[in-house]
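Take a look at the model below. We will walk through a sheet, then through some aromatic rings.

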Amino acid sequence: MITVLKNPHQIITVDTNGKNYKSGKEMNDTGILENHSLLIKDGKIEKLISNDLLEENQYDNIIDLTGKIVLPGLIDCHTHTAFAGSRADEFRQKIAGVDYEDIARKGGGINATVKAVRSATEDEIYEIVGPRIDRFISQGVTSLEIKSGYGLSLEDEKKLLKVIKKLDENYKINIIPTFLGAHTFPPEYKKDRNGYITYLLDEMLPAVKEENLAVFCDAFCEATAFSASETDIIFRRAAELGYKLKLHSEQFNVIGGIDIAIKNKCKSIDHLEVLNEEGLKKLISSDLVAVLLPGVSFFLDYGYAPARQIIDSGGTAALSTDYNPGSSHISSIGLIMSLACLKMKMTIEEAITAFTINAAKALDIHKNTGSIEPGKDADFAVFEADNYSELVYDVAANLNTMTIKSGEIIYRKKDCP
């Protein structure tokens, strides 16, 4: 069956000419087409065609997108969407001036959510998380990474990962599962770091992989979490078992995370709010995608990652919400894009690239999605706007009217014809 997405006002292709990611100045080239339509065949992009060459009687299905803008399906490549409980009281403390790391040291932070997750059943967590997935889809998201990390025991980490797997089976988007057992040390191992690391290496990592519950292994390499040497040990074991790797690092302290990410061939290094000059040089000389999370800086009211330096130096930058209960309780793609431009001085074109093809590269799915190029999955976000700049200009608004995954409309705004 051949479907036509007919006559959109603009198609923002983010075309990479087969490279499948963009670095440095390339991130400003979003491949804008006008007076064109899109042909979809068997869930894949067949070709882009001039409207003058359209022969409507040859197609099985025509979707009229006159006056709308088409982007590649958006990709949120770093989220903690699977959680239970609320940390609204901690938010009140932060507003009153209590430091995030101080809250964590007193038993709050991640371990507060761990307690809530351990108290909830798999079915209860599924019912909590489902509406969050719907919200992402309504914004044009067609691929979504979700981490575990709020169970911190084999039983509870598997519980979260089983929820994520069930969500992937029941929702028509790509949901990529990440095992984050190395998120922090749980209360029962607070005085036995080596004991928890042994538990991760010998029991948790093998069991999760044996049941095929995660694609990636992630870790939080920070002064209040795992040291660089501890992270290295965990990553070497994860790689042996066949996990792909991602890393949280340089969020509050510089403790050697970039070296570990490079050494272990991570797909991305995420946060980088305190990236220094030496770290920048290492980053841009590597294959790492820098996943930047401006929602965290906004939510915690501290410094933003140096996006401008990373891109101007030739780096590959992606953006993500980091949606989570503690440090970025933000699921608005529009707000994150606006923050990236207003606070990190990214251009609108760079922000679009960062939420599409470069986010796809951070998840190692860039050969299949993230840009509008023939042969790729027919994944699109369709916006009600006269110009793509409105996606950032209309701060925090959701202008998406239609989400298309593999050629199928999986979301349509109620008033969208």
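Start with two strands. Strand β4 covers residues 36-41, and strand β5 covers residues 44-50. They pair in the antiparallel sense, over 6 bridges. Keep in mind that this is a predicted model. One bridge is easy to find: His36 has Ser50 in β5 as its partner.

Now follow the chain from β4 into β5. The two strands make a hairpin, with 2 residues between them. Asp42 takes a positive phi here, near 50°.

What does β4 meet besides β5? Strand β1, residues 2-6, runs antiparallel to β4, and 4 bridges join the two. In one of these contacts, Ile2 has Lys41 of β4 as its bridge partner.

Step back to see the whole sheet. It is an open sheet of 4 strands, in the order β5-β4-β1-β6, with mixed pairing. Which strands stand at the edges? They are β5 and β6 (61-64). Each has a single partner strand, so one side of each is left without a neighbour in the sheet. On average, neighbouring strands of this sheet are turned by 20° against each other, direction ignored.

Next come the aromatic rings. The structure holds 12 aromatic pairs. One of them is formed by Phe185 and Phe226. Two values describe a pair of aromatic rings: the distance of the centres and the angle of the planes. For Phe185 and Phe226, these are 4.3 Å centre to centre and 25° between the planes. That pair is stacked, because planes under 30 degrees apart count as stacked.

Where do these two rings sit in the chain? Phe185 lies in the loop between β10 (174-182) and α6 (193-210). Phe226 lies in the loop between β11 (216-221) and α7 (228-241). The pair therefore ties together parts that are 41 residues apart in sequence. Are the two rings buried or exposed? Phe185 is buried, with a relative accessible area of 8%. Phe226 is also buried, at 0% relative accessibility.

Tyr189 and Tyr196 form another aromatic pair. This one is tilted, with 5.3 Å centre to centre and 50° between the planes. Tyr196 is buried, with a relative accessible area of 0%. Now join the rings up: Phe185, Tyr189, Tyr196, Tyr199 and Phe226 form one aromatic cluster.

Finally, look for lysines over rings. Lys209 lies over the face of Tyr243, at 4.6 Å from the ring centre. Lys246 lies over the face of Phe216, at 5.5 Å from the ring centre.

Conventions. Residues numbered from 1 in each chain as written. Predicted model: local features only at pLDDT ≥ 70, side-chain atom pairs only at ≥ 80, totals over all residues. Heavy atoms only, no water. Pairing = 2+ DSSP bridges. Phe/Tyr/Trp six-rings, centres within 6.5 Å; stacked < 30°, edge-to-face > 60°. Buried < 20%, exposed > 50% of the residue type's maximum accessible area, 1.4 Å probe, protein only. Lys NZ or Arg CZ within 6 Å of the ring centre and 35° of its normal. Axes fitted to C-alpha atoms, helices over the stretch in contact; angles between N-to-C directions.
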